[in-house]
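User: I'm new to this structure and would love a close look at one part of it. Could you start with a pair of packed helices and then show me how the surroundings are put together?

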Amino acid sequence: MSRLIIDPITRIGGHLRIEAEVAGGVVTDAWSTGTMFRGLEPIMQGRDPRDAWLLAQRVCGSCTGVQALASVRAVERALGATIPRNARLVRNVIAGTQYVLDHVLHFYHLHAFDWVDVASALRADPAATSALANATSGWPQSSVSHFREAQDRLQRFVASGESSSFANGPWGHPAYRLSPEANLLLATHYLEALDWRLKISKIHTILGGKNPHPQTFLVGGMALAPPWGGPNRGLPGEHPQQIDKRAPAALSEASLAEIATLIAAARAFVDLVYVPDVLLVARAYPEWATLGAGIGNYLAYGEFPEDESDEPKLFLPRGRVMGRIMARVEAVEQAGVTETVAHAWYTYDNDPDGPRKPVDGQTNPTYAGPALPYTTLAGSEKYSWLKAPRYDDEPMEVGALARVLVAYVEGRDEVRAAVNRAVSALGVGPDALFGTLGRLVARAVEAEVIAVRLGDWQRQLAGNLSDGDLALADLGRWDPGSWPQEASGWSLGEAPGGALGHWVTIRDQVIASYQIVDASTWNGSPRDRKGRRGAWEEALVGTPVADAAQPLEILRTLHSFDPCAACAVHAYDPRAGGSIDLRVSGPAAR
Ligand code: NI
Ligand code: MG
């Protein structure tokens, strides 16, 4: 028995450490440690709730925009603010684009080299690679010279030793199994996906002003000018260009047309490159369909409201699939969520370990680990800056796989059709999705259906504006004088990485308390007060490790979750916070 320590885990958001016990070449136990504390929740206190989304999205730059959306929705619910149809559609386009961008980024730029051996790609025959590409899909960039040029570029990256993406990889590891040509095909698409992301993220620039961290959210809607047709409303600073259809505005006819073109380009890459590549990897590594399965309870809050009601129909539905039983979806409500801190570096007032509901949540950091720099956390009762969220006291896996399973069991046609296409191409059934590979396939399936739906939302938005409905915000709750003395709200939505909830209490016109329970808080959770592992810890048990010096297999399962430890801890350095009492009492106080 030996203890394996991987710190930092790279190719993720934020700072994460894994310790694993390995016996006989297999992981027998694992501990997930969020190693960074920042404190976003306490800094919200005393702030204007209309600013919350702007601060909240600084939790993370890679999960861009989704924390802002979660935050603005929680404040809107607390204040009773409603949003117009156009604002909902703009938000769906911004968020949906983020899912497609994130899933492609994740597969190629964070995860592919767990499966793709760059050293082998350098030995590939470009002509045979071109033949493989043409047999796999109709993607036009598949000529012999295209793959030869990509191979030359890769060769220069590796030889220069300058790019950390290509230097020091575990190239030649015995767990790699793709042919040289498949390796070159995927490595080439890694390079193409970089350019594609740059192009597609322009949707965020148009509708959000920038990427990451779009700037146009607003309590009550979106801070975007109606592009045309409206009478001059006599507002201070109103510019005649606002009623010019050709004006360079986010919602001008030209911008809406450009968004449609970019959505079509996003969809083409997903359909002709990303999905076929995921299936290529899945075919080569069939044993990873069962390895890395983990807890088997799947939680989705659901996402993409299709109407403006309080409890809208969601394009990806809300629910739980429990114990891998693909027969029914269990209900989900915000009151079912609690967090315990028995094994996290926090303590609660009165009942120190919890559980606590987020609406009554607290963020009292109390470092109680070994002296820094520690060599191991073995024997340390508390071992992470992540709390342990539970639903009905049960550990849950969240993410694209959870969303896709819930939608599948709910009988959503688009999702069922895309899942059935993928699993029949692999010659398996939907119950083959529970392991490490299932998370890759689910993400690809989800990108496919969201890319199609993005086109619908763009058309609905353009049609609605064209019909003369120009409302982008309802400012009926903008004036703090219209707010109740005390109000609480929450939002249950999704990030690309999984279920994301924000809880806010507003008292005397400022934020009194704020709690975030993020996707990676669920998946990266340490043990709870009953000693049950979180999703990453559970999924790693049983993972083979061929070479303890290069634990590639551990990264395969961990990366399959798209971890974001930045989103999961959402905290900040007390030295910059001044007045905030973070109550750090141990050696971490620096
Ligand atoms: Ni993140
Ligand atoms: Mg939290």
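Analyst: Happy to! Let's begin with helix 7 and helix 8 (residues 180-200), whose axes lie 10 Å apart and pack at an angle of about 80°. At that angle, helix 7 is roughly perpendicular to helix 8. Please keep in mind that this is a predicted model.

Which residues make the contact? From helix 7 come His 146, Phe 147, Ala 150, Gln 151, Arg 153, Leu 154 and Phe 157, and helix 8 answers with Leu 184, Leu 185, Ala 187, Thr 188, Leu 191 and Glu 192. By character, eight of the residues in this contact are nonpolar, three are polar and two are charged.

Helix 7 also meets helix 6. Here helix 6 spans residues 126-136 and helix 7 spans residues 144-160; their axes come within 8 Å and cross at roughly 120°. These two helices are therefore oblique to each other. The crossing in which helix 6 passes helix 7 is right-handed. On the helix 6 side, the contact involves Pro 126, Ala 127, Thr 129, Ser 130 and Ala 133, while helix 7 contributes Val 144, Phe 147, Arg 148 and Gln 151. This contact of helix 6 with helix 7 divides into five nonpolar residues, three polar ones and one charged residue. You may recognise two names: Phe 147 and Gln 151 of helix 7 take part in the contact with helix 6, and Phe 147 and Gln 151 also appear in the contact with helix 8.

From helices, let's move on to sheets. Strands 12, 13 and 14 form an open sheet in the order 12-13-14, with antiparallel pairing. At its edges are strand 12 (486-495) and strand 14, each pairing on one side only. From one strand to the next, the twist averages 15°. Strand 12 and strand 13 are joined by ten bridges and run antiparallel. Within that pairing, Ser 491 stands opposite His 502 of strand 13. Helix 3 (residues 66-79) packs on this sheet and touches strand 12, strand 13 and strand 14; the direction of helix 3 makes about 150° with that of strand 12.

On the other side of the pairing, strand 13 (residues 498-507) is joined to strand 14 by seven bridges, again in the antiparallel sense. His 502 has a bridge partner in strand 14 as well, namely Ile 516. The hairpin of strand 13 and strand 14 has two residues between the strands, and Asp 508 in it takes a positive phi near 50°. How many of the eight residues of strand 14 (residues 510-517) are buried? Six of them are, so strand 14 is largely enclosed by the rest of the structure.

There is another open sheet to visit, made of three strands in the order 1-2-3 and paired antiparallel. Strand 1 and strand 3 (26-34) stand at its edges with a single partner strand each, so one side of each has no neighbour in the sheet. The twist in this sheet averages 20° from one strand to the next. Five bridges pair strand 1 with strand 2 in the antiparallel sense, and the partner of Ile 5 in strand 2 is Glu 19. Helix 16 packs on this sheet, touching strand 1, strand 2 and strand 3, and its direction makes about 130° with that of strand 2.

Finally, a few backbone details are worth finding on your display. Most residues other than glycine have a negative phi, and most peptide bonds are trans. Against that background, the peptide bond from Asp 7 to Pro 8 is cis, with omega near 5°; Pro 8 sits in the loop between strand 1 (2-6) and strand 2 (16-23). The bond from Asn 211 to Pro 212 is cis too, with omega near 0°, and Pro 212 belongs to the loop between helix 9 (202-208) and strand 4 (217-218). As for phi, Asp 562 is not a glycine, yet has a positive value of about 55°. Look for Asp 562 in the loop between helix 16 (552-559) and helix 17 (565-569). Is Asp 562 buried or exposed? Its relative accessibility is 9%, so Asp 562 counts as buried.

Terms used: Residues numbered from 1 in each chain as written. Chains lettered and ligands numbered in written order. Predicted model: local features only at pLDDT ≥ 70, side-chain atom pairs only at ≥ 80, totals over all residues. Heavy atoms only, no water. Axes fitted to C-alpha atoms, helices over the stretch in contact; angles between N-to-C directions. Helix = DSSP H or I, 4+ residues; strand = E, 2+ residues; numbered from the N terminus. Parallel < 35°, antiparallel > 145°, perpendicular 65-115°, else oblique. Left-handed = near helix turned anticlockwise from the far one by under 90°. Contact = heavy atoms within 4.5 Å. Nonpolar A, V, L, I, M, F, W, Y, C, P; charged D, E, K, R; others polar. Buried < 20%, exposed > 50% of the residue type's maximum accessible area, 1.4 Å probe, protein only. Pairing = 2+ DSSP bridges.
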